[in-house]
Protein chains: 2
Amino acid sequence: MTVDLNGLARRVAEELARADQMPYRPDGGGGLATVPIAPKHSKAPVAAGVTYVRDQARIADFIDHTLLKAEATRGEVEKLCAEAKDQRFAAVCVNPVWVTLCSDLLAGSQVKIATVIGFPLGASHSEIKAAEAALAVRHGADEVDMVAAIGHIKSGDWQHVAADIGAVVKSAAGRVVKVIIESAALSPVEIIKASALAREAGAQYVKTSTGFHAAGGASAEAVALMRLAVGDALGVKASGGVRDCETALKMIASGATRIGTSSGVAMAQCLGRGPLPLGELLAGPDRHAGQCATGVCSSAEKAGQSY
Amino acid sequence: MTVDLNGLARRVAEELARADQMPYRPDGGGGLATVPIAPKHSKAPVAAGVTYVRDQARIADFIDHTLLKAEATRGEVEKLCAEAKDQRFAAVCVNPVWVTLCSDLLAGSQVKIATVIGFPLGASHSEIKAAEAALAVRHGADEVDMVAAIGHIKSGDWQHVAADIGAVVKSAAGRVVKVIIESAALSPVEIIKASALAREAGAQYVKTSTGFHAAGGASAEAVALMRLAVGDALGVKASGGVRDCETALKMIASGATRIGTSSGVAMAQCLGRGPLPLGELLAGPDRHAGQCATGVCSSAEKAGQSY
């Protein structure tokens, strides 16, 4: 795939210039720090595979219920699926070796099965990433979260980065592809370029982090940059270190449409199972901590595990 | 593959009982905490693919010069290979996407090319691990360091663990296979069982750690357990957190025959390029810190990166 990096940079610059003049509108519309909440009874078409923040959204609609540690057991995966069904989370997110089990356990439910590809280093061969994605799809994965070729991003080898994403998109055969860019290890310009490339290569989401990198996980700034770079065309998933409602709400306010976390059950306990007053919540995510009914937004929770 | 776990356990118990009665002999021989240094002019056959601690060994002979971080660039891989040639390290250890480059750069040298498979979580499918190993071999890898199915070890699903290793051994087509068991996340019994299984499945090495796990890296105790479980038939590689000579010497004294580290150049500066007085060094690894010529054994060095 030939990539017009100059063209991408020019468009990003134009969008930056435009965004600078747009006020923050918590009730919807465009803009850098605004969630693209669809207006009521919107007839606007939604791109395939992308879950926007909907009217009447529940916190569970944002959650990829995530268990990616190496030592996760069969029993823990079973518990994850039971919780996801009970809470009606958007998806579970597990390592590839557990996809078949999740596919059995979640048969007939609305919960999607997400898995990870080339995870968490992104430094396996494109051919292997593609084969891993194809096998995951055969095993029942609805969504594949691939790690981009981080070393090639840092080397400036954008042709490799683009071809690598393209290979996975092709072998995912229409399933949702999320491209993890490990934003904490990238410069802002690298975040913008990688996000724009993911869009050009046909992915449906860009995702901040693996949750395994020493540099850290999601930041609101990275989410906002990624949302800017992909516009309204893709989803943005914030993951890595999102352990409480306040952080999750900040990510959503910055443009995230999916949250990867192992703390989804606690968040749903805190924010409830019903539709969220998103306009109010997103206008002041900081204020939530004081109102939190269950105490999961306390610092004790923040000290917990990130994935 | 059918695994006789009871038989393995019985043999381990017998070896434990025997080891208990064996004195520590730093000049060679068997025993729990003893390096299997071959006697001078030994004609004893050495198992294929296993590098024992030889007479006249240099510290460089132990070193897998390692660069596995996600954001490693082409330039850093080139530097790694140049250093490995200069120091005559045992091997470089890189992510699969860099094997072809290393193969070009190290053509004609004695430095082996090691890469990692299913790294660092070990939770990809056996079929994908096998394909990744086969591709790495086609690209010029001499050694493949695979991560075992850690979650299945913790689930007690030993049949899966064994079949997973066997699949990689088969597709590695005679190349050296090292099985990473992430010992810091395992119980002692799990370490023994996983090591014994790796031997049964045809691997040439067991390896302590990925260097990426929150529970930590190599410990001398884990190395000794692994050496015990595999006897003299396999190599043992200590990796993860081995950043100075003192720690490296402790690992060798406990049974390690290879050290995975990014600090190999500093270790060679400290211990020199010539044959080591291993008997003396291993009798008292603690004493080395005081004698260290370059200061790399100071606490400042120990605060450095582990991989």
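**View 1. Chain B laid over chain A by a rotation of 180 degrees.** In this predicted model, turning chain B by that angle, with 0.0 Å of shift along the axis, drops it onto chain A at an RMSD of 0.0 Å. So the two copies are related as by a two-fold rotation axis. As for where they meet, 100% of the interface residues of chain B are interface residues in chain A as well, so the copies use the same surface.

**View 2. The closed barrel of chain A, built from 8 strands.** Going round, the order is β1-β2-β3-β4-β5-β6-β7-β8, and the pairing is parallel. On average, neighbouring strands of this sheet are turned by 25 degrees against each other, ignoring direction.

**View 3. Zooming in on β5 and β6 of chain A.** Strand β5 (residues 176-180) and strand β6 (residues 205-207) pair in the parallel sense through 3 bridges. One residue pair to look for here: A:K178 has A:Y205 in β6(A) as its bridge partner.

**View 4. Two helices packed on the sheet of chain A.** Helix α2 (residues 74-87) touches β1 (63-67) and β2 (91-94), and its direction makes about 170 degrees with that of β1(A). Helix α6 (residues 158-171) touches β4 (143-147) and β5, with about 160 degrees between its direction and that of β4(A).

**View 5. A:V179 and the largest nonpolar core.** This core has 179 residues, and those touching the most other members are A:V177, A:V179, A:I259, B:V179 and B:I259. Leaving out residues up to four places away in sequence, the contacts of A:V179 include A:M146, A:A148, A:I165 and A:A198. Also among them are A:A203, A:Y205, A:V206 and A:K207.

Methods
Residues are numbered from 1 along each chain as its sequence is written. Chains are lettered from A and ligands numbered from 1 in the order in which they are written. This is a predicted model: local features need pLDDT of at least 70, side-chain atom pairs count only at pLDDT 80 or more; totals for chains, interfaces and linings use all residues. Side-chain values use heavy atoms; hydrogens and water are left out. Two strands pair if DSSP finds at least two bridges between them. Helices (H or I, at least four residues) and strands (E, at least two) are DSSP runs, numbered from the N terminus. Axes are lines fitted to C-alpha atoms, for helices over the stretch in contact, and angles run from 0 to 180 degrees between N-to-C directions. Contact means heavy atoms within 4.5 Å. A nonpolar core is a set of buried Ala, Val, Leu, Ile, Met, Phe, Trp, Tyr and Cys residues joined through side-chain atoms within 4.5 Å. Buried means under 20% relative accessible area, exposed over 50%, partly exposed in between (1.4 Å probe, protein chains only). Copies are superposed by least squares on the C-alpha atoms of residues with pLDDT of at least 70 in both.
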